[in-house]
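Open the model in your viewer and show the whole chain. We start wide, then zoom in on one residue.

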Amino acid sequence: MKKAQLKKIIKSPKLRLIYASEVAGYADVAKQIIDLAVFGAAQNRSYRRLADFTDTIGNRVSGSNNLEMAIKYMYNAMVQDGLDVHLEPVKIPHWVRGKESAEMTAPRAKTLAILGLGSSVGTPPEGIEAEVLVVQSFEELKRRASEAAGRIVVFNQPYVSYGETVAYRAYGASEAAKVGAVATLIRSVTPFSINSPHTGWQDYQDGVKRIPTACITVEDTELMWRMAQRGQKIVVKLTMGAKTLPDADSFNTVAEIKGWQHPEQVVLLSGHLDSWDVGQGAMDDGGGAMISWEALSLIKDLGLRPRRTLRTVLWTAEEQGGVGAQQYFNLHKVNMSNFDLVMESDLGTFTPIGLQFTGSDAAQKVMEEVVKLLAPINTTKLEAHGEGTDISPWMQAGVPGASLHVADSRYFWFHHSEGDTMSVQDPRDMDLCSALWAVVAYVVADLQEMLPR
């Protein structure tokens, strides 16, 4: 059947039933996958794998020895699991935090909990001690530009949503440097805090002086805001040993079950293996990496082999802006027409709610049928907009993309902080996520036709 015919079929309500009945024919297989993941021998397996991995390796920031150990660990584990595994070399950033501290010295002495931001420069060895200017927005900074020279600018922006508020973490340093600031301290991008700083990547603008930048806690930011409102003079001493080393060698880790009919065609599942250098990186994104491995394990354990190849990719250096994934895209885009669906889990593996999808109207109709197979675990919702830093180059090029939607209201409580540990993970939630991931990937990879573009 030609793709043009397929699109016609899906658009015609009568003929769409033909396609729906093909997908419905997978109900038994879908139930087998779900039963194995949630009630069978694989119950709690993805959670155990994640615990063993994060307890053994710890956090794994781009360029670190820990990340290298993590890649070796996962390579060996997936080989032992009987999968076809290989490594694809890439170059990644190597930023090192070094020793860091911050202290308010006026109007009273107080230690501030900080986490330097990725790619930040350090301070001189003796640190920077300066008066503070507290602002609540980029607009206020512009209005008060004449007060900023020689100051440490503290951004006390309210948390609206991660997507909107993260601009302060990303661009705060350069915006403050433009008006003469000597350093910036950014309110952590989180809706909830127990005096916990949250790190993340930041971007210096070309041609703008690079000044040290770190995140501080919601509590300390609000304290300094209140002091400033009273007209009190605030002085902070900031010391950061951060530095950027030459790019490091790393790998994207790839595991496959080869397709029996169209091995060159691919359904890709993914999560990222790197994390920040705090916490355990269990949630971001150990869970996403583990369910992307677990999905292949479930399919292999059931003796299933789809028409097309199932390929799990564990990305490196996602936290630095999808660095490993971009190099993967550059290498493989020549075969773009063979990529059927790209999937990414990077917003936690809490209770699954549904699947987010980006693709043509015709592909959407197919995916609406596929998610109906998830009725036993009550995740039959297909939502708009697949998302993920690592799969976005593919989606922008027109390849269908999907992401896992979970009950993620707590995600940014722990994100990029010391709180991202195994304690936030739940074994049953991970089983459900693994089941959803495996069913969607297997069925799409085994349908007669690729998803229409």
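Select everything. Buried residues make up 60% of the 453 residues in this protein. Keep in mind that the model is predicted.

**Whole chain**

Switch to cartoon. You should find 14 helices and 16 strands. Now look along the principal axes: the C-alpha atoms fill a box of roughly 70 × 45 × 40 Å. The radius of gyration is 24 Å, which agrees with the value near 22 Å for a compact globule of 453 residues.

Draw the contacts next. Among those with a separation of 6 or more, 82% link residues 24 or more positions apart.

**Surface and charge**

Turn on the surface. The accessible area comes to about 17,600 Å². Carbon and sulfur atoms account for 52% of that area.

Color by charge. There are 45 positive and 53 negative charges, and their mean positions lie 4 Å apart.

**Zoom to Ser 174**

Hide the surface and select residues 162-178. This is helix α7, and Ser 174 is found in it. Is Ser 174 buried or exposed? Its relative accessibility is 0%, so Ser 174 counts as buried; the cut-off for buried is under 20%.

Show the side chain of Ser 174. Which backbone atom does the side chain reach? It reaches the backbone nitrogen of Gln 205, at 2.9 Å.

Finally, add the surrounding residues. Leaving aside neighbours within four places in sequence, Ser 174 is in contact with Asp 203, Tyr 204, Gln 205 and Val 208. Gln 205 thus appears twice on this stop: in the contact list and at the end of the 2.9 Å link.

Definitions and conventions. Residues are numbered from 1 along each chain as its sequence is written. This is a predicted model: local features need pLDDT of at least 70, side-chain atom pairs count only at pLDDT 80 or more; totals for chains, interfaces and linings use all residues. Side-chain values use heavy atoms; hydrogens and water are left out. Helices (H or I, at least four residues) and strands (E, at least two) are DSSP runs, numbered from the N terminus. The radius of gyration is taken over C-alpha atoms; the globule rule is 2.2 Å times the number of residues to the power 0.38. Buried means under 20% relative accessible area, exposed over 50%, partly exposed in between (1.4 Å probe, protein chains only). Contact means heavy atoms within 4.5 Å. Accessible areas come from the Shrake-Rupley method with a 1.4 Å probe; for residues, only the protein chains shown count as cover. Lys and Arg count as positive and Asp and Glu as negative; His and the chain ends are not counted. The place of a charge is taken as NZ of Lys, CZ of Arg, CG of Asp or CD of Glu. A polar contact is a pair of N or O atoms within 3.5 Å; within protein, one must be able to donate a hydrogen and the other to accept it, and residues adjacent in sequence count only if both atoms are side-chain atoms.
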